[in-house]
Amino acid sequence: IRIGQILADDKFGSVILNADISGNTGLTHTPLSLKLNSRIQHFEFKNHNYNNILLGLTHTPSATKGEIELDNPYTKFKVSGELAKGRNGSSFRANAIIDKLNLKAINISDKWGDADFRGNIYADIKGTNIANAQGVIQIRDFAYSTPDRQIELSKLVLDSHFENKEQVITLNSDFANIRINGQFDIKSLSNSALNQLVSKIPAIP
């Protein structure tokens, strides 16, 4: 399939895949549901070829789950996630295991030169909006490496929850430990506080 021609976008090339699809269309009284399992043997994007991508997707009225796995010379990762709806709002869970990612080699960005990234990212968040969101975001075993430089981060854990009607936000990491609590709108946090946090993060060019 020449998806670049279909989408009228020359960033995309051709794709070769096998897919098993089942479910309900939702056109009748039956709710929309979908289950997809696919192996993409070949995919072209920005003049780079990807091979053997595993893709899974399940959708029901209450939740959408997905998973993608790729093992190529410059990109090796596995990402899974779930978005669910409930009476008390939505919940989002995601897990990414990145063994290797070189953005220059796959023609995505040359901002970081010939750098390899790796790390594990986990998120578990629930709420109705950003103001009352609760949950955790974790980054572990992160590494940025070039032929002449390496930066490592063993952990960064950002947590948001409520205690006695007060919102508590904590950050625990190799380079800083921060706790903010009170009754406030998270959107109102000052730029100076964010700048102070960013200044403590090890610089990546």
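A salt bridge here is a side-chain nitrogen of Lys or Arg within 4 Å of a carboxyl oxygen of Asp or Glu. Glutamate 163 and arginine 179 fit that bill, with their side chains meeting at 3.5 Å, N to O. Keep in mind that this is a predicted model. Below is a quick tour of the salt bridges, the strand pairing and two surface patches.

**Salt bridges**

- The structure holds four salt bridges, and three are walked through here, including the one between glutamate 163 and arginine 179.
- Glutamate 163 sits in strand S9 (residues 149–163) and arginine 179 in strand S11 (residues 177–182), so this pair ties together parts that are 16 residues apart in sequence.
- Glutamate 163 comes out at 36% relative accessibility, so it counts as partly exposed.
- Arginine 93 has a salt bridge too, with aspartate 124, and their closest N and O atoms are 3.6 Å apart.
- That link runs from strand S6 (residues 89–101), home of arginine 93, to strand S7 (residues 116–127), home of aspartate 124, so it ties together parts that are 31 residues apart in sequence.
- Both ends of that link are partly exposed: arginine 93 has a relative accessible area of 48%, and aspartate 124 has 23% relative accessibility.
- Lysine 11 pairs up with aspartate 9, with the side chains meeting at 3.2 Å, N to O.
- With a relative accessible area of 35%, lysine 11 is partly exposed as well.

**Strands S2, S3 and S4**

- Strand S2 (residues 33–45) runs antiparallel to S3, and the two pair over 11 bridges.
- To find your way along that pairing, look at serine 38, whose bridge partner in S3 is leucine 55.
- S2 and S3 make a hairpin with two residues between the strands, and lysine 46 in this hairpin takes a positive phi near 50 degrees.
- On to the next pair: S3 and S4 are also antiparallel, this time over six bridges.
- Leucine 57 is a handy marker here, with glycine 66 as its bridge partner in S4.
- S3 and S4 form a hairpin as well, with three residues between them.
- Threonine 60 is found in the loop between strand S3 (48–59) and strand S4 (63–71).
- Threonine 60 has a relative accessible area of 30%, so it is partly exposed.
- Threonine 60 and glycine 23 are 37 residues apart in sequence, yet their C-alpha atoms are 9.2 Å apart in space.

**The negative patch**

- Glu67, Glu69, Asp71 and Asp99 form a negative patch on the surface.
- Which strand gives the most to the negative patch? That would be S4, with three residues.
- One of the patch members, glutamate 67, lies in strand S4.
- Glutamate 67 is partly exposed, with a relative accessible area of 38%.

**The nonpolar patch**

- At the start of the chain, Ile1, Ile6 and Leu7 form a nonpolar surface patch, with about 340 Å² of accessible area together.
- Isoleucine 1 lies in the segment before helix H1 (3–7).
- Is isoleucine 1 buried or exposed? At 60% relative accessibility, isoleucine 1 counts as exposed, because the cut-off for that label is over 50%.

How values were computed
Residues numbered from 1 in each chain as written. Predicted model: local features only at pLDDT ≥ 70, side-chain atom pairs only at ≥ 80, totals over all residues. Heavy atoms only, no water. Patch = residues over 30% accessible without salt bridge, like charges linked within 9 Å, V, L, I, M, F, W, Y side chains within 5 Å. Areas by Shrake-Rupley, 256 points an atom, 1.4 Å probe, with all protein chains shown as cover. Helix = DSSP H or I, 4+ residues; strand = E, 2+ residues; numbered from the N terminus. Buried < 20%, exposed > 50% of the residue type's maximum accessible area, 1.4 Å probe, protein only. Pairing = 2+ DSSP bridges. Lys, Arg positive; Asp, Glu negative; His and termini not counted. Charge placed at Lys NZ, Arg CZ, Asp CG, Glu CD.
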